[in-house]
Amino acid sequence: SDRYDTFQEVLQDADPFNFMLTKVRGIPDKFNNKLAVNIKDILAVSMGNLVESAQFNYMHDIPWLMQQYPPEHRSKPLLIVHGEDRQGKISLHEAAHNFPNVTLCQAKLDMLYGTHHSKMMLLIYTNGLRVVIHTANLVEQDWDQKTQGVWISPLFPKLEEGELSLDGITADSVTHFKRDLVEYLSMYKSISLMRWKKHILQHDFTSARVFLIASIPGRHTNDAKSKWGHMKVRKILSKQGPDSAMVRNWSAIGQFSSVGSLGADQTKYLCGEWLQSMLSSRGVSTQYASRDVSTKTLKLIFPTIDNVRTSLEGYKAGASIPYNIQNARRQEYFHTFLHKWKASNRGRSRASPHLKSYSLLSPDSKKAAWFMVTSANMSKAAWGMLEKNSSQLMIRSYEIGVLFLPHLFDENCKQFSVSEEEKSESYLHFPLPWDVPLEPYTKTVSSVVFSLKNKI
Ligand SMILES: O=C(O)CCC(=O)Nc1ccc(C(=O)O)c(C(=O)O)c1
């Protein structure tokens, strides 16, 4: 049925992926009743009796955020993890001043131009802990009429005293989600997050079936090189990804709301480095000589001017789609990979996309070998860039996302069915946020969104 009375039923229906989109004001109810969530649903009392929470994000409107918690939870301890400094930090402290339960943690940004882009909620209840990884800023307009992605973890039960181990990580899942989340939090080197690390350690994460894909600012070498950014994706896909033979002519899909400077020549970063990671697979993977990567191997989804102009928000949606003309002029090749934003299956063709999602799609657009939702845009800052003869991975920003692989949900399953027509029984059906097959841009470059003045 498409009608659910409580969010608990909506959450049950979202099993086993628990990948949902935010509710959108102004679209037919049926697209908001299933696989859709708003921030008040996530923070509702029905999700658990909250003890304390942490909100990692780029933008926090603290008075608005406090209103999203139910009254019973508004005085519970809340840690805001941000990347502001100077005036931004002062404004945040002033806004927090009126809420004695709110404390702030400033993530260190040692790399120039880096941002604290990660969007995650850690929620401790009296009966367990939940992780929510998503793509929306904690400001009203990000939860109103945009397409945003949300992964809601299962409830992770608290471990009994005896089950605790003092050194290693106990009660982790086969995807090592707990180990990776603990390591991510450790990299902040923050006292307030040491407490949250302990909370994570005290809970049973065995039911986590996604991989954590995160980015930490810095120059990562040796083993650390594959712990973050696109090199983490490369490591997981080469060990647990699809068989090379199966995905030989499948296409990597990138969908994002912002684009960085990717270099003047596609064979260097976009197709030479980043795409190699996204096309990684198990077994003898034909190393794509980056020159013969054609537009069929890589398809990018980015809103056109028309998408923005006709969106529910109108032109102001462009404020969240910063793509400056200098970058665009320097990378004309980028536009040859672009496809329009269309999401009619989810009723969101006019809900401007702010989520970031990546996938590997079969030539007939009916199957996917994996799917990822993350805060990471199409930029070197987010995914990292190999330096010094690929001996180190340089990342500027904090990012966080989750990767879904079919066999983690059904060991006999090597592919997700993604076609809305053929919901075959033999495959797991994964609910994509955008329509397939994808629709390429028309020839004119002018369809690329240039929102000069609206830089974030
Ligand atoms: O950095 C670049 O390459 C270009 C500038 C840029 O992209 N900035 C930015 C900042 C915050 C957010 C956010 O909403 O958290 C987003 C987003 O997610 O679109 C993008």
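Buried means under 20% relative accessible area, with exposed over 50% and partly exposed in between (1.4 Å probe, protein chains only). The views below come from a predicted model, in which local features need pLDDT of at least 70 and side-chain atom pairs count only at pLDDT 80 or more, while totals for chains, interfaces and linings use all residues. Residues are numbered from 1 along each chain as its sequence is written, and side-chain values use heavy atoms, with hydrogens and water left out.

**View 1. Strand E20 is covered on both faces.** Strand E20 spans residues 399–404, and six of its six residues are buried. One side carries Glu399, Gly401 and Leu403, and the other Ile400, Val402 and Phe404. Strands here are DSSP runs (E, at least two residues), numbered from the N terminus; helices are runs of H or I of at least four residues.

**View 2. Strands E10 and E17 each pair with E20 in the antiparallel sense.** Two strands pair if DSSP finds at least two bridges between them. Strand E10 (residues 211–215) and E20 share five bridges, and Ile213 has Gly401 of E20 as its bridge partner. Strand E17 (residues 367–374) is joined to E20 by four bridges; here Phe371 stands opposite Phe404.

**View 3. Three strands form an open antiparallel sheet in the order E11-E19-E18.** Strand E11 (218–221) and strand E18 (385–387) are the edge strands, each pairing on one side only. Neighbouring strands of this sheet are turned by 35 degrees against each other on average, direction ignored. The axes are lines fitted to C-alpha atoms (for helices over the stretch in contact), and angles run from 0 to 180 degrees between N-to-C directions. E18 and strand E19 (residues 392–395) are joined by three bridges, with Leu386 opposite Leu393 in E19.

**View 4. The ligand is surrounded by 15 residues.** A residue counts as near if one of its heavy atoms lies within 4 Å of the molecule or strand. Lys119, Asn137, Ser258, His354 and Lys356 come nearest to the ligand. The shell comprises four nonpolar, eight polar and three charged residues. Nonpolar covers Ala, Val, Leu, Ile, Met, Phe, Trp, Tyr, Cys and Pro, charged covers Asp, Glu, Lys and Arg, and the others, Gly among them, are polar.

**View 5. Side chains of Asn137, Ser257 and Lys356 approach oxygen atoms of the ligand.** The distance from a ligand oxygen to a side-chain N or O atom is 2.8 Å for Asn137, 2.9 Å for Ser257 and 2.7 Å for Lys356. Taken alone, the ligand exposes 450 Å², of which the protein buries 84%; accessible areas come from the Shrake-Rupley method with a 1.4 Å probe.

Conventions: Polar contact = N/O pair within 3.5 Å; in protein donor to acceptor, adjacent residues only side chain to side chain.
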